[in-house]
Amino acid sequence: MIGVGKAKQYANVLDKPLSRGRQEVSLSAFAFLFSELVQYNQTQVDNIAELERRLEDAGYAVGARVLELLCHREKGNRRETRLLGILSFIHSTVWKVLFGKVADSLEKGTEHEDEYMISEKELLVNRFISVPKDMGAFNCGAFVAGIVRGVLDNAGFPAVVTAHFVPIEGQQRPRTTILIKFAEEVLHREARLG
(Lines give C-alpha, C1' and ligand atoms only; values in the text may rest on other atoms or scores of the structure.)
Protein backbone atom coordinates (compact mmCIF):
# COMPACT_ATOMS: atom_id res chain seq x y z
CA MET A 1 0.00 0.00 0.00
CA ILE A 2 1.22 3.46 -0.81
CA GLY A 3 1.75 5.83 2.11
CA VAL A 4 1.24 3.23 4.84
CA GLY A 5 4.85 3.26 6.05
CA LYS A 6 5.31 2.25 9.67
CA ALA A 7 2.09 3.86 10.92
CA LYS A 8 -0.13 1.43 12.76
CA GLN A 9 -3.46 0.84 11.06
CA TYR A 10 -6.65 0.74 13.13
CA ALA A 11 -9.71 -1.22 12.10
CA ASN A 12 -12.02 1.42 13.49
CA VAL A 13 -11.85 5.01 14.71
CA LEU A 14 -12.77 3.94 18.26
CA ASP A 15 -9.58 1.87 18.46
CA LYS A 16 -7.34 4.91 17.94
CA PRO A 17 -5.69 6.16 21.11
CA LEU A 18 -6.62 9.61 22.37
CA SER A 19 -3.68 11.77 21.42
CA ARG A 20 -2.13 14.05 24.00
CA GLY A 21 -0.58 16.11 21.23
CA ARG A 22 -1.33 19.73 20.53
CA GLN A 23 -4.79 19.84 19.02
CA GLU A 24 -5.50 23.23 17.52
CA VAL A 25 -8.37 24.47 15.42
CA SER A 26 -7.97 27.36 13.04
CA LEU A 27 -9.30 30.52 14.69
CA SER A 28 -10.90 31.66 11.44
CA ALA A 29 -12.63 28.28 11.01
CA PHE A 30 -13.94 28.43 14.58
CA ALA A 31 -15.13 32.04 14.11
CA PHE A 32 -16.94 31.07 10.91
CA LEU A 33 -18.62 28.00 12.41
CA PHE A 34 -19.62 29.83 15.59
CA SER A 35 -21.02 32.72 13.57
CA GLU A 36 -23.08 30.24 11.54
CA LEU A 37 -24.35 28.63 14.76
CA VAL A 38 -25.47 32.04 16.05
CA GLN A 39 -27.07 33.02 12.74
CA TYR A 40 -28.92 29.72 12.39
CA ASN A 41 -30.30 29.91 15.92
CA GLN A 42 -31.22 33.56 15.41
CA THR A 43 -33.59 32.55 12.59
CA GLN A 44 -35.25 29.96 14.86
CA VAL A 45 -36.19 32.24 17.78
CA ASP A 46 -38.37 35.23 18.54
CA ASN A 47 -36.33 37.00 21.24
CA ILE A 48 -32.83 37.45 22.65
CA ALA A 49 -33.44 35.38 25.80
CA GLU A 50 -34.43 32.35 23.72
CA LEU A 51 -31.38 32.80 21.46
CA GLU A 52 -29.09 32.85 24.49
CA ARG A 53 -30.85 29.77 25.89
CA ARG A 54 -30.29 27.88 22.62
CA LEU A 55 -26.61 28.84 22.61
CA GLU A 56 -26.35 27.72 26.23
CA ASP A 57 -27.93 24.36 25.32
CA ALA A 58 -25.41 23.91 22.50
CA GLY A 59 -22.60 24.74 24.93
CA TYR A 60 -23.99 22.30 27.53
CA ALA A 61 -23.48 19.39 25.13
CA VAL A 62 -19.89 20.52 24.50
CA GLY A 63 -19.23 20.82 28.24
CA ALA A 64 -20.44 17.30 28.94
CA ARG A 65 -18.10 15.89 26.29
CA VAL A 66 -15.15 18.04 27.37
CA LEU A 67 -15.51 16.75 30.94
CA GLU A 68 -15.47 13.13 29.77
CA LEU A 69 -12.45 13.68 27.56
CA LEU A 70 -10.41 15.62 30.12
CA CYS A 71 -11.24 13.26 32.98
CA HIS A 72 -9.97 10.42 30.81
CA ARG A 73 -6.85 12.23 29.58
CA GLU A 74 -5.79 14.30 32.56
CA LYS A 75 -7.11 12.50 35.61
CA GLY A 76 -7.13 8.81 34.75
CA ASN A 77 -10.97 8.72 34.87
CA ARG A 78 -11.10 10.34 38.33
CA ARG A 79 -13.57 13.16 38.94
CA GLU A 80 -13.39 16.15 41.24
CA THR A 81 -15.45 15.78 44.41
CA ARG A 82 -14.76 19.17 46.00
CA LEU A 83 -16.26 22.51 44.99
CA LEU A 84 -12.97 24.40 44.78
CA GLY A 85 -11.39 21.50 42.92
CA ILE A 86 -13.99 21.54 40.13
CA LEU A 87 -13.87 25.33 39.88
CA SER A 88 -10.08 25.25 39.61
CA PHE A 89 -10.36 22.47 37.00
CA ILE A 90 -12.70 24.64 34.88
CA HIS A 91 -10.71 27.85 35.43
CA SER A 92 -7.42 26.27 34.41
CA THR A 93 -7.62 22.95 32.58
CA VAL A 94 -10.93 23.33 30.70
CA TRP A 95 -10.26 26.96 29.81
CA LYS A 96 -6.76 26.16 28.57
CA VAL A 97 -7.98 23.30 26.38
CA LEU A 98 -10.81 25.38 24.89
CA PHE A 99 -9.24 28.84 24.65
CA GLY A 100 -5.49 28.23 24.83
CA LYS A 101 -5.02 30.02 28.15
CA VAL A 102 -6.18 30.03 31.76
CA ALA A 103 -9.22 32.26 32.48
CA ASP A 104 -8.38 35.77 33.65
CA SER A 105 -9.90 35.33 37.11
CA LEU A 106 -11.92 33.09 39.40
CA GLU A 107 -13.64 34.86 42.29
CA LYS A 108 -16.08 34.04 45.04
CA GLY A 109 -19.15 36.26 45.24
CA THR A 110 -19.11 38.71 48.14
CA GLU A 111 -22.87 39.01 48.57
CA HIS A 112 -23.89 35.36 48.27
CA GLU A 113 -22.14 32.27 49.64
CA ASP A 114 -23.23 30.12 46.67
CA GLU A 115 -21.90 32.34 43.85
CA TYR A 116 -18.60 32.20 41.99
CA MET A 117 -17.46 34.15 38.93
CA ILE A 118 -15.07 33.37 36.11
CA SER A 119 -14.09 36.56 34.29
CA GLU A 120 -12.48 37.04 30.91
CA LYS A 121 -11.43 40.40 29.45
CA GLU A 122 -12.10 39.37 25.89
CA LEU A 123 -14.01 36.10 25.63
CA LEU A 124 -13.26 34.39 22.32
CA VAL A 125 -16.91 33.85 21.35
CA ASN A 126 -17.64 37.58 21.73
CA ARG A 127 -14.55 38.71 19.84
CA PHE A 128 -15.78 38.12 16.29
CA ILE A 129 -19.51 38.73 16.70
CA SER A 130 -20.93 42.16 15.95
CA VAL A 131 -24.27 42.60 17.67
CA PRO A 132 -26.85 44.81 15.91
CA LYS A 133 -28.29 47.68 17.95
CA ASP A 134 -31.77 46.10 17.97
CA MET A 135 -30.40 43.04 19.80
CA GLY A 136 -29.42 45.08 22.86
CA ALA A 137 -27.28 43.21 25.38
CA PHE A 138 -27.12 39.90 23.50
CA ASN A 139 -24.13 37.97 24.86
CA CYS A 140 -22.59 35.07 22.94
CA GLY A 141 -20.94 34.16 26.23
CA ALA A 142 -24.13 32.15 26.85
CA PHE A 143 -22.42 29.41 24.82
CA VAL A 144 -19.48 29.35 27.26
CA ALA A 145 -21.89 29.51 30.21
CA GLY A 146 -23.49 26.38 28.75
CA ILE A 147 -20.09 24.68 28.54
CA VAL A 148 -19.42 25.50 32.20
CA ARG A 149 -22.89 24.27 33.22
CA GLY A 150 -22.35 21.06 31.22
CA VAL A 151 -19.07 20.38 33.00
CA LEU A 152 -20.53 21.16 36.43
CA ASP A 153 -23.78 19.19 36.01
CA ASN A 154 -22.01 16.13 34.67
CA ALA A 155 -19.45 16.28 37.47
CA GLY A 156 -22.26 16.29 40.07
CA PHE A 157 -22.29 20.02 40.88
CA PRO A 158 -25.66 21.32 39.62
CA ALA A 159 -25.69 25.08 39.14
CA VAL A 160 -27.33 27.92 37.28
CA VAL A 161 -24.70 29.48 35.01
CA THR A 162 -25.18 32.77 33.18
CA ALA A 163 -23.00 35.13 31.15
CA HIS A 164 -22.95 38.87 31.81
CA PHE A 165 -21.18 41.89 30.37
CA VAL A 166 -19.38 44.02 32.96
CA PRO A 167 -18.20 47.44 31.74
CA ILE A 168 -14.54 48.30 32.32
CA GLU A 169 -13.70 51.95 32.82
CA GLY A 170 -11.58 53.31 29.99
CA GLN A 171 -12.18 50.37 27.64
CA GLN A 172 -14.54 50.12 24.70
CA ARG A 173 -15.45 46.46 25.15
CA PRO A 174 -16.90 45.13 28.40
CA ARG A 175 -15.48 42.16 30.29
CA THR A 176 -17.50 38.93 30.24
CA THR A 177 -18.27 37.32 33.57
CA ILE A 178 -19.61 33.78 33.85
CA LEU A 179 -21.72 33.75 37.03
CA ILE A 180 -22.10 30.36 38.71
CA LYS A 181 -24.82 29.93 41.35
CA PHE A 182 -24.63 26.48 42.90
CA ALA A 183 -27.66 24.47 44.03
CA GLU A 184 -28.19 24.20 47.79
CA GLU A 185 -27.43 20.48 47.73
CA VAL A 186 -23.87 21.24 46.55
CA LEU A 187 -23.25 23.60 49.45
CA HIS A 188 -24.72 21.15 51.98
CA ARG A 189 -22.55 18.33 50.62
CA GLU A 190 -19.47 20.57 50.74
CA ALA A 191 -20.23 21.53 54.37
CA ARG A 192 -20.52 17.84 55.32
CA LEU A 193 -17.17 17.07 53.67
CA GLY A 194 -15.63 19.79 55.82
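Is Trp95 buried or exposed? Trp95 is buried, at a relative accessible area of 2%. The legends below take this predicted model one site at a time.

**Figure 1. Overall fold of the protein chain, with six helices and four strands.** From the N terminus, the elements of the chain run α-α-α-β-β-α-α-β-β-α. The chain has 194 residues, and 35% of them count as buried. Long-range contacts are well represented here: of the contacts with a separation of 6 or more, 59% join residues 24 or more positions apart. No disulfides are present; the count is zero.

**Figure 2. Close-up of Trp95 in helix 3.** The relative accessible area of Trp95 is 2%, under the 20% limit, so the residue counts as buried. Its contacts beyond four places in sequence start with Ile90, Gly100, Lys101, Val102 and Ala103. Trp95 also meets Ile118, Glu120 and Leu123. Val144, Val148 and Ile178 complete the list of contacts. Val148 lies 53 residues from Trp95 in sequence. From C-alpha to C-alpha, the two are 9.6 Å apart.

**Figure 3. The largest nonpolar core, a set of 42 residues.** Trp95, Leu152, Ile178, Ile180 and Phe182 touch the most other members. Several elements each give at least two residues to this core: helix 1, helix 2 (48-75), helix 3 (83-99) and helix 5 (142-154) among the helices, and strand 2 (115-120), strand 3 (159-166) and strand 4 (175-182) among the strands. Helix 5 supplies the largest share, eight residues.

**Figure 4. Close-up of Phe182 and the residues it touches.** Residues up to four places away in sequence are not counted in this view. Phe182 touches Leu83 and Leu87. Asp114 and Tyr116 are also among its contacts. So are Leu152, Phe157, Pro158 and Ala159. Phe182 is one of the five residues that touch the most other members of the largest nonpolar core.

**Figure 5. Close-up of Gly63 in helix 2.** Gly63 has a relative accessibility of 0%, so it counts as buried. Which residues does Gly63 touch, not counting residues up to four places away in sequence? They are Ile147, Gly150 and Val151. Gly63 and Val151 are 88 residues apart in sequence. In space, their C-alpha atoms are 4.8 Å apart.

**Figure 6. Close-up of Glu56, also in helix 2.** Is this glutamate, Glu56, buried or exposed? Glu56 counts as buried because its relative accessibility, 17%, is under 20%. Leaving aside neighbours within four places in sequence, Glu56 is in contact with Ala142, Phe143, Ala145 and Gly146. Arg149 and Val161 are further contacts of Glu56. Ile147 is 91 residues from Glu56 along the chain. The C-alpha atoms of Glu56 and Ile147 are separated by 7.3 Å.

**Figure 7. Two cysteines, Cys71 and Cys140.** Cys71 has a relative accessible area of 4%, so it is buried. Cys140 is buried too, with a relative accessible area of 1%. The structure holds zero disulfides.

**Figure 8. The largest cavity, holding about 30 Å³ of space.** How many cavities of 30 Å³ or more does a search of the whole structure find? The search finds one. Phe30, Ala31 and Phe34 are part of the lining of the largest cavity. Leu124, Val125, Phe128 and Ile129 line it as well. Helix 1 (27-43) and helix 4 (124-127) each supply at least two lining residues. The largest share, three residues, comes from helix 1. By class, the lining has seven nonpolar residues, no polar and no charged.

**Figure 9. The second largest pocket, with a volume of about 350 Å³.** Its lining is made up of 18 residues. Which of them lie nearest the centre of the second largest pocket? They are Asn126, Val131, Phe165, Arg173 and Pro174. The lining divides into nine nonpolar, four polar and five charged residues.

Methods
Residues numbered from 1 in each chain as written. Predicted model: local features only at pLDDT ≥ 70, side-chain atom pairs only at ≥ 80, totals over all residues. Heavy atoms only, no water. Disulfide = S-S within 2.5 Å. Buried < 20%, exposed > 50% of the residue type's maximum accessible area, 1.4 Å probe, protein only. 1 Å grid on protein atoms, 1.4 Å probe; cavity = no way out; pocket = protein on both sides within 12 Å on 5 of 7 lines; lining within 4 Å. Points joined across faces, edges and corners; volume = space filled by probe spheres on them. Nonpolar A, V, L, I, M, F, W, Y, C, P; charged D, E, K, R; others polar. Core = buried A, V, L, I, M, F, W, Y, C linked by side-chain atoms within 4.5 Å. Contact = heavy atoms within 4.5 Å.
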